[in-house]
Every structure is written in structure tokens, then in C-alpha cells.
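Thanks, everyone. Today I want to talk about charged side chains and then about a pocket. Please have a look at the model first.

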Amino acid sequence: MPIQTRVTKLLGIEHPIVMGGMTGVGTVELAAAVSNAGGLGIFAAHNAGSPEGCRQWIRRIRTLTNKPFGVNLTILPTLGPPPPYQEYAQVCVDENVPIIETAGSNPKPFIRFFQAAGIITIHKCVTIRHALSAERMGVDIISLDGFECAGHPGEGDVGNYVLQAKGALVLKKTPFICSGGVGDGKQIAAAFALGAEGVNCGTRFCATQECLWPESFKERMLHATEEDTVLMFRHLKNTTRVFANKVAKEVEDIELQKGANVKFQDLAHLVAGKRGRAAEQAGDADGGIWTAGQVIGLIDDIPTVAQLMQRMMAECEDTIRGRLNSMLAVPSRL
């Protein structure tokens with residue numbers, strides 16, 4: 001029996017599972033696979049390389065799925081000139097994208113722009129303070145990202161066991177989804193218990209057959225534990241969680257050595273996006289930085305997206321109907 005929440009109804013999806021927009025791996029093909037399996041697939045606009053490239057990706061995903069999909073627009077500081085964010089946004093409006101996920105800097109101007117065009121908005125927040133701000137600006141769905149997540153967990157270091165429960169206490173009208181560390185159905189059931197109305201998965205979808213990551217990357221994930229990630233850029237107040245490969249550990253060593261005196265220029269040659277993309281193309285899992293969340297400790301196979309989705313939802317339903325219901329004590333009759 002499908003699980004319905006405000007999130008599934010608002011997004012028009014069968015399962016309360018959203019694929020987060022991801023740099024590099026957030027492609028049209030992976031997003032379409034998630035949408036076709038009943039979730040919400042999202043590809044990252046900047047992965048297309050340009051606003052016109054994004055337009056072509058939007059048109060391509062419509063040839064791969066007739067289900068709802070979304071586009072991620074991440075607004076972050078860059079080494080060089082910033083991407084043309086407004087042009088990407090205009091393309092999404094012109095192409096009638098149904099759902100936009102925003103992340104990074106204050107999205108208020110973009111939220112208004114998208115909602116004026118009738119687009120459903122999701123905004124990723126790593127603190128309750130940011131979530132309340134997003135609620136005030138009228139975001140349709142909030143993605144609450146716990147400290148376990150890949151990429152940017154923020155500087156608050158609040159895990160999902162507290163973050164989600166606090167979200168349920170303070171978010172008065174906006175549904176939220178649990179993001180960070182989610183990889184199986186028991187966790188989806190736990191997210192519901194904490195007040196979330198869906199989950200956001202990133203790293204777990206990277207370990208699927210449809211993901212473009214080379215087999216060497218996926219194999220490293222299979223043999224990793226939940227301790228095999230590194231938090232970079234702590235002293236730069238731009239914390240980023242990545243897989244603990246050789247390059248990441250080299251970055252970690254430099255940061256430990258220089259401490260508060262570290263500058264981004266000390267690390268740029270190791271963490272440059274071009275280096276990471278080149279490593280992906282070469283299948284060199286130690287050649288560049290790649291993001292991964294603590295959920296890697298729960299990954300032990302490389303299924304298709306459809307297999308993963310079916311398994312997660314079946315486990316979620318079994319947990320709710322079976323294990324949790326069995327704990328309810330039946331009052332004895334005297």
C-alpha cells in the first residue's frame with residue numbers, strides 16, 4: 001500500500017523519496033530513473049554546463065520520463081566568475097519545469113521568481129534558523145539536512161535525530177523532508193516518526209547501476225564504513241563532507257598542519273572541480289575529491305534504482321506495520 005504524505009501529494013509522486021541535486025552525478029539519466037521508480041528525480045542545472053545546456057537537459061528528461069521531475073539550482077561562492085544563476089532560472093521558467101530545489105545562499109529572489117511562474121519550490125536547510133527563514137519566505141517544502149549528509153552540512157554539526165524532531169516542533173505549516181544519511185527503509189520510517197514527510201537521498205543513489213560514477217568509485221563505497229568520510233574546510237567555515245580517499249586525507253593533513261592560518265589557496269590544487277571530473281572520467285577513485293555521506297556505511301550492493309526504491313519502501317512499510325506495531329502492548333483483560 002503506497003504511503004501518502006503532504007510531500008507525495010504536493011509533488012505528485014508515488015513514494016516519499018527525493019533525489020537531491022548533486023554535482024557531477026546529478027544527471028538527467030539518474031534523475032529519470034528515480035522519477036520512473038516513483039520518487040522525485042532531480043538533476044543539477046550547472047551539471048549541464050550552461051543555461052542553454054540546461055534547456056537541452058530539461059527537454060531530454062521529458063523523453064526519458066513522463067513522471068514529475070525537478071531541477072536543482074545551487075547558489076554558492078566560486079573560484080572564478082559566478083555562474084549565470086538568473087539565466088539558469090529563466091530557462092527553468094521558460095521550459096515549464098514543475099519543481100525547483102534551491103540550495104546554498106539566500107534563495108529569496110529566486111523563490112519569488114519561481115513561485116510567480118507556478119513552480120513548486122524545495123529549499124535545503126542545515127539549521128532550524130534557516131528552515132524558519134525559508135518558511136517565512138513561502139517555500140513549499142523544506143529539506144532539512146543533518147550533519148550526516150554529503151557535501152555541505154553547515155557549521156552547526158546537528159545530526160538528524162535532533163534536527164528532524166526540532167523541525168516538527170517549530171515548522172508550523174511547511175512540510176519537510178529528512179536529508180542526510182538515509183539509505184534504507186527503516187530510516188524512512190524513523191524520519192516519519194520524527195515528523196518528516198519524506199526523505200532526500202543523494203549518496204545512496206550514487207551506488208546504483210544508473211549512476212555514471214565508474215565502477216571503481218562504487219566498489220570503494222561497497223567496502224567503506226560509516227567512518228570513511230572527511231570533513232574539509234572546517235577552518236574556512238565552509239565545511240564539506242567527502243569520501244576519505246588519498247586526496248581528501250592530503251587536504252585534511254594540510255588543514256591540521258596550518259590550523260586557523262589555512263587559506264583556500266593552500267588547498268585549491270587538490271579540490272578543484274576539474275580535477276574531480278577528470279578523476280571520474282579516468283576511474284581514479286583517489287585522483288580527486290568526491291562527496292559522500294556517512295550512509296556509505298549502509299551500502300553493500302549496487303542495485304538498479306527501481307530495485308532500491310522497491311526495497312526501501314517495502315522495508316519502511318514492514319517496519320511501520322510489523323516491528324513498530326508489535327511493540328504496542330495490548331492491555332490485559334481482568
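One cut-off before we start: buried means under 20% relative accessible area, exposed means over 50%, and partly exposed is in between. Keep in mind that this is a predicted model.

By that cut-off, arginine 204 counts as buried, because its relative accessibility is 2%. What does arginine 204 form a salt bridge with? The partner is aspartate 301, and the closest N and O atoms are 2.8 Å apart. Arginine 204 sits in helix α9, residues 203-206, while aspartate 301 is in the loop between α13 and α14, so the pair ties together parts 97 residues apart in sequence. Aspartate 301 has 22% relative accessibility, so this residue counts as partly exposed.

Stay with that loop. Aspartate 286 is also in the loop between α13 and α14. Here the salt bridge is with arginine 220, at 3.1 Å between the closest N and O atoms. Arginine 220 belongs to helix α10, residues 215-222, and the two residues are 66 apart. At 29% relative accessibility, arginine 220 is partly exposed.

Next, a pair between two helices. Lysine 186 and glutamate 315 meet through their side chains in a salt bridge, 2.9 Å from N to O. Lysine 186 lies in α8, residues 185-194, and glutamate 315 in α14, residues 305-326, so parts 129 residues apart in sequence are tied together. Both ends are partly exposed: lysine 186 has a relative accessible area of 44%, and glutamate 315 has 24%.

How many salt bridges does a search of the whole structure find? The count is 15. There is also a network of salt bridges, which links Glu52, Arg55, Arg59 and Glu95. As a general reminder, side chains of opposite charge can pair when their charged atoms come close.

Now the pocket. I'll take the second largest one, with about 150 Å³ of space. Its lining includes Glu148, Asn160, Tyr161, Gln164 and Cys178. Gly180, Gly181 and Val182 are also among the lining residues. Two elements give two or more residues each to this lining: α7, residues 160-170, and α8. Which element gives the largest share? That is α8, with 4 residues. We met α8 a moment ago, as the helix that holds lysine 186.

What is the make-up of the lining? It divides into 6 nonpolar residues, 5 polar and 1 charged.

That's my tour. Questions, please.

Methods:
Residues are numbered from 1 along each chain as its sequence is written. This is a predicted model: local features need pLDDT of at least 70, side-chain atom pairs count only at pLDDT 80 or more; totals for chains, interfaces and linings use all residues. Side-chain values use heavy atoms; hydrogens and water are left out. A salt bridge is a side-chain nitrogen of Lys or Arg within 4 Å of a carboxyl oxygen of Asp or Glu. Buried means under 20% relative accessible area, exposed over 50%, partly exposed in between (1.4 Å probe, protein chains only). On a 1 Å grid over the protein atoms alone, a cavity is a set of points where a 1.4 Å probe fits but cannot get out, and a pocket is an open set with protein on both sides within 12 Å along at least five of seven lines; lining residues have an atom within 4 Å of a point. Grid points are joined across faces, edges and corners, and a volume is the space filled by probe spheres set on the points. Ala, Val, Leu, Ile, Met, Phe, Trp, Tyr, Cys and Pro count as nonpolar, Asp, Glu, Lys and Arg as charged, and the others, Gly among them, as polar.
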